[in-house]
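Here's a quick walk through one histidine, the helix it sits in and the pocket next on the tour. Have the model open while you read.

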Amino acid sequence: MGMMGDGGTVVHQLDAWRLRAEPFYQPAGQEVEAFLAAHAARLPLLLKGPTGCGKTRFVEHMAWRLGLPLITIACHEDLSAGDLAGRWLLDAEGTHWQDGPLAQAARYGGICYLDELVEARSDATVLLHPLADTRRVLPLEKRGELLHAHPDFQLVVSYNPGYQGLHKGLKPSMRQRFTALAFDYPEAGIEAAIVAREGGVELDMAARLVALGQRTRRLQEHGLEEGASTRMLVHAAVLLREGLAPRAACLQAIATPLSDDADIGVALRGVVHASFA
């Protein structure tokens, strides 16, 4: 569905959400084929994996590949059903209904990506139930409308199982509505190629950064919540490209952000100094 724009051109309702350039993504397995199969079958998709391992970039790449708009929503503890579905607004001309981002994607056809779904309020997650099963409908109760999802609509959600607490896990009633893909940090050679390309450094330097990242990940066995993500390694590479020395870049992009614990901080700084002696 579209609308007429200036000069009589047809403007899709979700054109503002289209990616303007192809996002780089390096596949680590069969995840591209898995996503395409889920989209063709109109099945929702759950992406599980640690922070900064490429889940969001993967969704962006797939939206570009499929030629679909991508509406991304960062979930948080105040995200309500109304924020997703929409609400009545009052202005000088009276009241009018405004679709929320989930309703927009469902109505006009696009990918709706809910990042870190476990952070959202329970009323927001319950709203997804009829969209994520064979009904593919979104009840807009305040408007008195049962919105049937567009054929191109796809629901994609992500979460980090490592951060699940007593009240942060997805309920079986939600998980079982989704097909799922498990993500992890790439194999060292692939991760180095990603860091080199995204960070703009030579491959040998990227490999040294990846080796540092792997050392920090082993500290998870000693109290560190999570090791350095691929994203953090790219940040370090970018700082290197801008002229910082390797130690300074890694302290700023990796060691200092990773933990506020004094003892773990000492260990992280030691790993950086050992990696770039």
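Leaving aside residues up to four places away in sequence, histidine 61 touches Glu22, Pro23 and Tyr25. Keep in mind that this is a predicted model. One of those neighbours gets a polar partner: the side chain of histidine 61 reaches the backbone oxygen of proline 23 at 3.1 Å. Is histidine 61 buried or exposed? It counts as buried, because its relative accessibility is 6% and the cut-off for buried is under 20%.

Histidine 61 belongs to helix α2. The length of α2 checks out: 12 residues at 1.5 Å a residue should span 16 Å, and the end C-alpha atoms are 17 Å apart, which agrees. Besides His61, the buried residues of α2 are Lys55, Phe58, Val59, Met62 and Ala63. What do they pack against? The list is α1, β3, β4, β7, β10 and β11. Just past the end of α2, glycine 67 has a positive phi of about 70°.

Now for the pocket. The largest one has a volume of about 620 Å³. It is lined by 27 residues, and the closest to its centre are Gly52, Cys53, Gly54, Lys55 and Arg57. Helix α2 is one of the elements that each supply at least two lining residues, along with β11, α7 and α9. Here's how the lining divides by type:

| Lining residue type | Number of residues |
|---|---|
| Nonpolar | 11 residues |
| Polar | seven residues |
| Charged | nine residues |

Technical notes
Residues numbered from 1 in each chain as written. Predicted model: local features only at pLDDT ≥ 70, side-chain atom pairs only at ≥ 80, totals over all residues. Heavy atoms only, no water. 1 Å grid on protein atoms, 1.4 Å probe; cavity = no way out; pocket = protein on both sides within 12 Å on 5 of 7 lines; lining within 4 Å. Points joined across faces, edges and corners; volume = space filled by probe spheres on them. Helix = DSSP H or I, 4+ residues; strand = E, 2+ residues; numbered from the N terminus. Nonpolar A, V, L, I, M, F, W, Y, C, P; charged D, E, K, R; others polar. Buried < 20%, exposed > 50% of the residue type's maximum accessible area, 1.4 Å probe, protein only. Polar contact = N/O pair within 3.5 Å; in protein donor to acceptor, adjacent residues only side chain to side chain. Contact = heavy atoms within 4.5 Å. Expected span 1.5 Å × (residues − 1).
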